[in-house]
Amino acid sequence: MTTPSIKEFTEAEMVHLTRNALLVAGEEMGADGDHWPVIKATIRDLMKDWEELQTERAVQSEMKRHLYAQLETMEGILPTCSPDVQAEVGPQLAELREVYDAYFTEADDDNELILVDIEPPMHVKRAEAIIETLEAEDE
């Protein structure tokens with residue numbers, strides 16, 4: 001007998017699942033109530049964070065493409081330069097290549113940094129508290 005596998009959620013699915021859980025929690029707490037401004041603000045902050053993360057990733061992708069092209073151009077021109085310029089600029093280009101590779105290389109899952117000391121934003125704490133309240137009422 002095989003055990004059914006648990007579905008892996010994408011980041012977008014997790015964000016929308018959290019949003020929907022907050023909406024359900026609000027409904028469970030009552031259609032009329034003073035909790036709705038907090039729930040709506042929490043949802044708005046979560047969605048704003050998600051949008052900003054997507055924008056940041058798009059910018060990183062564009063930077064990666066353009067910086068790579070520029071490095072390729074400079075490395076292609078280097079052999080045509082005089083030996084003294086090659087001696088001066090060659091190590092600098094090599095260092096730039098190392099910085100580029102370090103910055104844009106994906107982290108290994110095994111070596112992923114765990115940021116224990118970083119406090120989550122207030123809206124994330126609110127979302128967790130709201131969802132935990134709903135879960136506690138279901139027990």
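Colleague: Are helix 1 and helix 2 roughly parallel or antiparallel to each other?

Modeller: In this predicted model, local features require pLDDT of at least 70 and side-chain atom pairs pLDDT 80 or more, whereas totals for chains, interfaces and linings use all residues. Residues are numbered from 1 along each chain as its sequence is written, and side-chain values use heavy atoms, with hydrogens and water left out. Helix 1 (residues 11–29) packs on helix 2 with axes 10 Å apart (lines fitted to C-alpha atoms over the stretch in contact), at an angle of about 175 degrees between N-to-C directions, on a scale from 0 to 180. Because angles over 145 degrees count as such, the two helices are roughly antiparallel.

Colleague: Which residues of helix 2 meet helix 1?

Modeller: Contact here denotes heavy atoms within 4.5 Å. The helix 1 side includes V15, L22 and M29. Their counterparts in helix 2 are W36, I39, T42, I43, L46, M47, W50 and R57.

Colleague: In what order do the elements of the protein chain run?

Modeller: The protein chain holds four helices (DSSP runs of H or I, at least four residues) and zero strands (runs of E, at least two). Numbered from the N terminus, the elements follow the order α-α-α-α.

Colleague: What share of the residues in the protein chain is buried?

Modeller: Burial means under 20% relative accessible area, exposed means over 50%, and partly exposed lies in between (1.4 Å probe, protein chains only). Helix 2 contributes W36, I39, A41, T42, I43, L46, W50 and L71 to the buried set. For the 139 residues of the protein chain, the buried share is 17%.

Colleague: How far does helix 2 reach from its first C-alpha to its last?

Modeller: Helix 2 spans residues 36–77, which is 42 residues. The expected span, 1.5 Å times one less than the number of residues, is 62 Å. The model comes close to this, with a reach of 61 Å.

Colleague: Which residue has its C-alpha 6.9 Å from that of L22?

Modeller: L22 lies in helix 1 and is buried, since its relative accessible area is 0%. Beyond four places in sequence, L22 is in contact with I39, T42, I43, L46, A127, I130 and I131. The partner at 6.9 Å stands 108 residues away along the chain and is I130.

Colleague: How far apart in space are the C-alpha atoms of A41 and R126?

Modeller: A41 is placed in helix 2 and counts as buried because its relative accessibility is 17%. A41 and R126 stand 85 residues apart in sequence. Their C-alpha separation in space is 9.7 Å.

Colleague: Is D101 buried or partly exposed?

Modeller: D101 belongs to helix 3 (residues 83–104). The C-alpha of D101 is 9.7 Å from that of K64, a residue 37 positions away along the chain. With a relative accessibility of 37%, D101 counts as partly exposed.

Colleague: What percentage of contacts with a separation of 6 or more joins residues 24 or more positions apart?

Modeller: One residue with a contact of this kind is L22, which touches I130, 108 residues away along the chain. For the protein chain, the percentage is 64%.

Definitions and conventions:
Angles under 35 degrees count as roughly parallel, over 145 as roughly antiparallel, 65 to 115 as roughly perpendicular and the rest as oblique.
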